[in-house]
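Got the model open? Let's walk through a few spots together, one question at a time.

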Amino acid sequence: MHFMRGKIYMRQEKIRVLLKEYKNHDCLVFEMDPDDRSKDLPINFNSESCQLEIKTVFSVLLEKMVDVSIQLEFQKEPQYSKVLYIDVCKEYIADLNREIGQIQVELSKELSR
Amino acid sequence: MKIDLHCHTKKIKSGELETRNVTPIQFARKISEADVEIVAITNHNSFDLAQFTDLSDAVKPNCQVWPGVEIDIKSFNGKKWHLIIVCNPKYATTFSSAINDLFESENLETCALDLTTVVKKLNECDIIYIPHFHKKPAIPEEDLDKLKKLVIDNSRVFNEPSDIRTMGVYTNHCFSMIIGSDVHNWNEYETSNFSELRLPISSFEQFCMLAKRDQQVVKTLLDKKKSYYITASPHPSVRFNVNIYEDINVIFGQKGTGKSEILKSINIELKGRGLKCVEYCGNEKDETFKALLKTKDMKRDVSKVDSLLCEDEFKRVLNWTDKIPTLFSKYINWYQTKDNNANKSSMKITNCVLEPQLNTDEYKTIKTELKHIAEMKTSKRSIRISKYLNETDALQLDKYLELLAKSIQNVLIKEFVSINSVRLTNFTIERIKKAADNNTDTVSKPSSTGFYDYAKNRLTLRHDVHEILINISNKEQSEKSELGSLENKGNIYIKSIYRMLCDNSKTDEFASGIRVLREAVICLKTIRDKFYLLDISLHINSLSEKCKEESIKSTSAFLGLSRIVIEENGDEYCPSNGERGMLLLLHKLRMDADAYLLDEPELGMGNSYVDSQIRPKLSALGKQHKVVVIATHNANIAVRTLPYVSIFRDYLSGKYITYLGNPFKDKLVNIDDESDTRNWTTESMHTLEGGEDAFYERKDIYETGKN
C-alpha cells in the first residue's frame with residue numbers, strides 16, 4: 001500500500017548491476033529480479049539503441065522505487081577485462097546511486113500526498 | 001363620487017340651529033350645487049320616514065338618499081358619545097319602526113341608549129355604523145372594541161373624524177374613515193366637508209361590497225391608486241384605449257375574442273413605460289416549468305464546490321515531454337580524454353556533478369505570506385485604530401506587525417539564498433566544464449546520468465495530474481430556492497446542483513461530451529498511477545486529443561450543473577401537470593415586480609385551489625398597488641377579486657366590442673358608444689357561470705343535496 005511509502009522504514013533492496021561481454025558486445029546488465037533472469041535489463045554499449053535501453057532501465061527503476069528503496073551494486077564478470085568500461089561503469093553507477101537517493105526522498109513526499 | 005353620510009335635515013334638540021331644517025326644494029338645490037351623489041339623513045335620535053321619502057323624490061335620479069340616525073350612546077364610563085347609523089334604503093320602513101321602538105319613551109334631548117340594545121335592534125335592517133372618532137363626543141376605545149364585536153362584520157364599521165386632514169392621516173394608516181357634512185346651516189351646505197369614494201357605486205349593497213374589499217373606501221390626498229392610459233390591441237388592425245389601474249384588472253369574454261392578444265399588448269406597453277413585468281400563461285406552463293429547470297443561468301464556477309481551476313496544471317500536463325538520459329558515450333568520451341591535459345586534470349571541479357534543484361513551493365508560499373503582511377499594513381491605515389485601541393496597544397500592534405514582517409523577510413531571504421546558491425553552483429559547474437573542455441579539447445565528466453531529471457520530470461507530471469484529480473473528484477454542492485407549496489406535500493423547492501463528474505452524472509449536466517470527459521478522467525488516473533511507464537507519452541497524447549476535442553482547459557469542464565424539484569425532506573419530486581401550474585404561478589406571483597400579467601392562470605387547477613390559494617394572493621398584490629391584469633374564464637378570479645376594472649370582450653354581428661366597467665357600478669360601457677351599456681352581473685354570469693339558469697340550477701342541486 002502506498003501509505004507505507006515515504007517512510008524511513010521502507011524495505012531496502014539491492015540490485016546487482018553486472019558488466020559482462022555477451023556475443024561480442026559490452027553489456028551492463030541490471031538484474032531486477034535475482035530469481036528471474038527474464039527480468040534482466042541489459043544496456044548494450046555497442047548498440048544504437050543504447051539510449052532507449054537506458055531509458056527503459058530508468059523506467060523500471062522508478063517503478064521499483066514506488067514500493068522499495070533501492071541501491072545498485074556494481075559487479076563485473078570474473079573474465080571481463082576491459083578497463084575502460086570497468087572504470088566508466090563504476091563512475092556511472094556511483095552517480096546513478098546518488099541520484100536515486102536524491103529522488104527517493106522526493107518520491108516518498110509525492111506519494112504520501 | 002361625493003358622499004355625505006352625516007347630514008341633518010331637522011332641528012331635533014334645543015341646542016341645534018333652525019338652519020338645520022331644510023325643505024325638499026332647498027335640499028335638492030343644495031345637493032346639486034355640492035355635487036353630492038349619495039346622502040344619508042341622520043337627525044338626532046329620530047327618523048322621519050315621510051321626510052325621507054320627500055327628500056328622496058326631490059333629488060332623484062341624480063342622488064341617492066339613504067335613511068339614518070345619529071344616536072346618543074351611553075358610554076361604559078357613564079359619559080355619552082355619538083353613533084351615526086345608516087340603513088339600506090330598501091329597509092327604510094323597517095328601520096323607521098325600529099327607531100320608533102327604540103325611542104318610544106325616551107326624552108330625545110337627554111336620552112342615551114345602550115349600545116348592545118341599539119345594535120341588536122337595528123342589525124336586521126342592513127346597517128353601517130359610523131361612531132364619532134376623535135371628534136366630540138367621541139367613542140371611547142373600549143366601546144369601539146365592543147361595537148366591532150357586536151357588529152361582527154367590521155367592514156360595516158367606519159370612523160368619523162373631526163376634519164378632512166385627520167381623516168386622511170387615519171385612512172393612510174388603514175383605518176376605515178368617512179366624513180360627512182354634519183350640516184348646521186343649509187345655506188352654506190356646499191362649503192361643507194364631503195368624502196369622495198375611490199370608485200363610483202350605485203347602491204347601498206355596492207358600497208358595502210367596496211368596503212368589504214377595500215378598507216380605504218374614500219380617497220385621500222395621498223391616494224396613489226395610479227392608472228396607466230394604455231393602448232390595447234386584440235388584433236394588429238384594432239386598437240383601443242383603456243385605463244389599467246394599480247389594482248386588479250380583469251379581461252373576460254368568450255373564447256376567440258382576443259383576450260390573450262389584449263394582454264400581450266398591455267404587457268408591451270407597460271414594459272415600454274419602464275415597469276418591471278412578470279408574465280404567466282396557463283397554456284405554456286409546461287414549457288415555462290421546463291425552462292425554470294434549465295441551467296443556463298448557472299455559472300460553471302468551480303469555487304462553488306471548493307475546487308481550483310488548475311489551468312496551469314492542465315497546460316503543463318498537456319505540454320509535457322520526457323527527459324532524455326545522458327548518453328553513455330559521454331561518459332566514455334570523458335574517460336578517454338580525462339588525462340589529455342594535465343592542467344584540466346587538476347581542475348577537480350570538472351569532475352563535479354550537479355546539485356539537485358531545491359523545490360521552490362516553500363519559497364513561493366513565504367513570498368505570498370510577505371505580500372499578505374504588506375497588504376495588511378496598507379489596509380490597517382484605513383481603520384480608525386484610535387477608536388478601538390489605546391495608544392499603548394496601537395503601538396504594540398504596529399510593533400508586532402513589523403516584527404512579523406521582518407521575520408518572514410528573513411526566512412524568505414534564507415530560502416532565496418538556498419535555492420539560488422544551488423542554481424548558481426550548478427550554473428558555475430556547467431560553465432567551467434564547458435570552458436575547460438573548449439580550451440583543452442577534452443570532455444568533462446557528465447554532470448549527471450540524467451536519472452534525477454528524468455524521475456523529477458515524471459514526479460512533476462504526477463503532481464500536476466494528482467492536483468487535477470483532487471479538484472474534480474467527489475465534489476458536490478447545492479443551493480435551494482423555494483418554488484411554492486402543495487397541499488399534503490408541503491414546501492417544494494428547486495435544488496441547483498453543482499457536481500463534479502461522477503458515476504451518477506448525466507449528459508445534460510455538461511457543456512462538453514460526457515463520454516470524452518469520462519475517458520479524460522481514465523487517462524488522468526492512468527498517468528497518475530503509472531507515471532513511470534516508458535510509453536507514458538502515449539497516454540498524454542490521448543489525453544491531449546480529448547482535451548482538444550472538447551476544449552478542456554481547466555477543471556470547470558468537469559463541473560456538472562443540474563436542477564431538480566425536491567420536497568422539504570430533500571427527496572426528488574416530479575410534480576404532475578396541474579401541480580406544475582400551481583407551483584409556477586405561485587413562483588411568479590412571489591417575484592418582485594410592478595406588474596403581473598396572467599393569461600388563464602386557472603388552467604389545470606381545481607377551483608378550490610384557485611379560490612383558496614391564488615385569489616387571496618392576487619388581491620394582496622392589488623392592495624400593494626401592483627398592476628395585476630388577468631385574462632380569465634374563472635369566476636372566482638374574475639368576480640371574487642372584486643376587480644377595479646373589468647374589460648369585457650364580446651363578438652356580435654361580425655364585430656368585436658369592448659366594454660369597460662366593474663362590479664361596484666354593476667355596469668359595462670361600450671368604449672365606442674357610451675349609450676351601449678350592459679349589466680356587469682348578467683355578463684359575468686353568462687360568460688363565467690354558464691348563464692343565470694345554470695348558476696341557479698347548480699345552487700338548487702347543491703341545496704337539495706344538503707337537505
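A quick definition before we start: a residue is buried under 20% relative accessible area, exposed over 50%, and partly exposed in between. Keep in mind that this is a predicted model.

Q: Is B:K445 buried or exposed, and at what relative accessibility?
A: The cut-off for buried is under 20% relative accessible area. B:K445 falls under that cut-off, so it counts as buried, with a relative accessibility of 6%.

Q: Which residue forms a salt bridge with B:K445?
A: Side chains of opposite charge can pair when their charged atoms come close. Here the closest N and O atoms are 2.8 Å apart, and the partner is A:E91. B:K445 sits in the loop between helix 15 (391–440) and helix 16 (451–472) of chain B, while the partner is in helix 2 (residues 83–111) of chain A, so the pair joins two chains. That partner is partly exposed at 31% relative accessible area, and its name is A:E91.

Q: How many salt bridges does the structure hold over all chains?
A: The pair we just looked at, A:E91 with B:K445, is a salt bridge. Over all chains, the total comes to 44.

Q: How many residues apart in sequence are the parts that B:K13 and B:D72 tie together?
A: These two side chains meet in a salt bridge at 2.6 Å, N to O. B:K13 is in the loop between strand 1 (2–7) and helix 1 of chain B and B:D72 is in strand 3 of chain B, so the bridge links parts separated in sequence by 59 residues. B:K13 is buried at 13% relative accessibility, and B:D72 is buried too, with a relative accessible area of 2%. The separation asked for is 59 residues.

Q: Which side chain meets B:E402 in a salt bridge?
A: The N to O distance is 3.0 Å, and the partner is B:K377. B:E402 lies in helix 15 of chain B and the partner in helix 13 of chain B, so parts 25 residues apart in sequence are tied together. B:E402 is partly exposed at 38% relative accessible area, and 25% relative accessibility makes for a partly exposed partner as well, B:K377.

Q: Why do the buried residues of helix 2 of chain B lie on the same side, and what arc do they cover?
A: In this helix (residues 49–59), B:Q51, B:F52, B:L55, B:S56 and B:V59 are buried. An α-helix has 3.6 residues a turn, so residues three or four places apart point the same way. What covers the buried ones includes helix 1 (24–34), strand 2 (36–44), strand 3 (64–74) and helix 3 (92–102) of chain B. They are on the same side of helix 2 of chain B because the arc they cover around the axis is only 135°.

Q: Which residue caps the N-terminal end of helix 2 of chain B?
A: Look for a side-chain oxygen 3.1 Å from the backbone nitrogen of B:A50. The residue that supplies this oxygen is B:D48.

Q: Which backbone nitrogen does the side chain of B:Q206 reach?
A: B:Q206 lies in helix 7 (residues 204–213) of chain B and is buried at 7% relative accessibility. Not counting residues up to four places away in sequence, B:Q206 touches B:I201, B:P663, B:F664, B:K665 and B:D666. At 2.8 Å, its side chain reaches the backbone nitrogen of B:S202.

Conventions
Residues are numbered from 1 along each chain as its sequence is written. Chains are lettered from A and ligands numbered from 1 in the order in which they are written. This is a predicted model: local features need pLDDT of at least 70, side-chain atom pairs count only at pLDDT 80 or more; totals for chains, interfaces and linings use all residues. Side-chain values use heavy atoms; hydrogens and water are left out. Buried means under 20% relative accessible area, exposed over 50%, partly exposed in between (1.4 Å probe, protein chains only). Helices (H or I, at least four residues) and strands (E, at least two) are DSSP runs, numbered from the N terminus. The arc is that of the directions from the helix axis to the C-beta atoms. Contact means heavy atoms within 4.5 Å. A polar contact is a pair of N or O atoms within 3.5 Å; within protein, one must be able to donate a hydrogen and the other to accept it, and residues adjacent in sequence count only if both atoms are side-chain atoms. A salt bridge is a side-chain nitrogen of Lys or Arg within 4 Å of a carboxyl oxygen of Asp or Glu.
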